[in-house]
Amino acid sequence: MIPKYNGMKAEQTVFSNPLPKGGYVANIINAKIEDYSWGSVLVIAFDISEGDYKDFFRKQFNANTNLDKKWKGTYRIVIPNENSQYFDNEKKTFNNLIGSLEHSNNGYHFDWDEQKFKGKSIGVIYRNKEWEMNGNTGWTTECGAVTDVNSIREGTFKPLKDKPLKNNSVASVNTDTAVTVIETDEDLPF
């Protein structure tokens, strides 16, 4: 018989499935700059605004009962720094963001104020990404790039390659469902 314990409450855990790999039209709900010793990052919070996954991140956020819940629909981009050894790549990625915003929002012209991103449309491209924490690995998805909304709607955007951990040959991903597959010689525990 199972021993009783204090605090037993019959409740189901809410599991959040990641947004599937692919392209989505999104609406920006916030933008902020985070400063670090090595430079600054622009963090854009968004939610899916069209299709089967409309309001995906709002629904996920509202269903999460954790006290430290975080908004999962974000795109983080390094703000170009001319003193950085990666300046050319940073500039290319940032210029793509601005071009995607201007092309997606008729009449919008970037004026260096990230607060004006709020309410703008943008295309977001999700890829599979492998993670590791405390010796465990698995797969999720992340926003790896942005594009204009017409490329998403027309299906002409370039899908992103999966992003496995460096030097890891243990895990592989089923890209249709983003299910973790761990190859092991051990017997299953049940």
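The pLDDT is the predictor's confidence in each residue, on a scale from 0 to 100. The structure described here is a predicted model, and its chain averages a pLDDT of 86, with 84% of the residues scoring at least 70. Among the elements of the chain, helix α3, which covers residues 149-154, has the highest mean pLDDT, at 98, whereas strand β7, covering residues 179-182, has the lowest, at 34. Over residues 169-190 the pLDDT stays under 50, and for this stretch the model has 24 contacts beyond four places in sequence.

With regard to strand pairing, β1 takes part in two antiparallel arrangements, one with β2 over 10 bridges and one with β4 over 6 bridges. The connection from β1 to β2 is a hairpin, made through 2 residues. Within the β1 and β2 pairing, Glu-34 has Val-41 of β2 as its bridge partner, while in the pairing of β1 with β4 the bridge partner of Val-25 is Gly-123 of β4.

The largest nonpolar core comprises 27 residues, and the members that touch the most others are Phe-46, Leu-97, Phe-117 and Val-124. At least two residues of this core are supplied by each of the strands β1 (22-36), β2 (39-48), β3 (74-78), β4 (121-133) and β5 (136-147), and likewise by each of the helices α1 (56-63) and α2 (87-104). Strand β2 makes the largest contribution to the core, with 5 residues. Once neighbours within four places in sequence are set aside, the contacts of Phe-46 include Ala-26, Asn-27, Ile-28 and Ile-29, together with Phe-57, Trp-71, Gly-73, Thr-74 and Tyr-75, and also Val-124, Tyr-126 and Cys-143. Apart from the largest core lies another, of 7 residues, among them Val-25, Ile-125, Ala-145 and Val-149.

A search of the whole structure for salt bridges finds 8. In one of them the side chains of Glu-34 and Arg-76 meet at 2.9 Å, N to O. Because Glu-34 lies in strand β1 and Arg-76 in strand β3, this pair ties together parts that are 42 residues apart in sequence. Arg-76 has a relative accessible area of 43% and is therefore partly exposed, the bounds of that class being 20% and 50%. Glu-34 and Arg-76 also belong, with Lys-32, to a network linked by salt bridges.

Another salt bridge is formed by Glu-142 and Arg-127, whose closest N and O atoms are 2.7 Å apart. Since Glu-142 lies in strand β5 and Arg-127 in strand β4, the pair ties together parts that are 15 residues apart in sequence. Both Glu-142 and Arg-127 are buried. In a further salt bridge the side chains of Lys-54 and Asp-55 meet at 3.6 Å, N to O; here Lys-54 is partly exposed, with a relative accessible area of 41%, and Asp-55, at 28% relative accessibility, likewise counts as partly exposed.

The structure also holds 12 aromatic pairs. One of these, formed by Tyr-24 and Tyr-126, is edge-to-face, with 6.1 Å from centre to centre and 85° between the planes. Because Tyr-24 lies in strand β1 and Tyr-126 in strand β4, the pair ties together parts that are 102 residues apart in sequence. Tyr-24 counts as buried, at 9% relative accessibility, and Tyr-126, at 4% relative accessibility, counts as buried as well. In the pair of Tyr-36 and Trp-38, the ring centres are 5.3 Å apart and the planes stand at 5°, so this pair is stacked. Tyr-36 counts as partly exposed, at 37% relative accessibility, whereas Trp-38, at 52% relative accessibility, counts as exposed.

Ring pairs further link Tyr-24 and Tyr-126 with Phe-46, Tyr-53, Phe-56 and Phe-57 into a cluster. Phe-46 thus appears both in this aromatic cluster and among the residues that touch the most other members of the largest nonpolar core, and its contacts include two further members of the cluster, Phe-57 and Tyr-126.

Key: Residues numbered from 1 in each chain as written. Predicted model: local features only at pLDDT ≥ 70, side-chain atom pairs only at ≥ 80, totals over all residues. Heavy atoms only, no water. Helix = DSSP H or I, 4+ residues; strand = E, 2+ residues; numbered from the N terminus. Contact = heavy atoms within 4.5 Å. Core = buried A, V, L, I, M, F, W, Y, C linked by side-chain atoms within 4.5 Å. Buried < 20%, exposed > 50% of the residue type's maximum accessible area, 1.4 Å probe, protein only. Pairing = 2+ DSSP bridges. Salt bridge = Lys/Arg side-chain N within 4 Å of Asp/Glu carboxyl O. Phe/Tyr/Trp six-rings, centres within 6.5 Å; stacked < 30°, edge-to-face > 60°.
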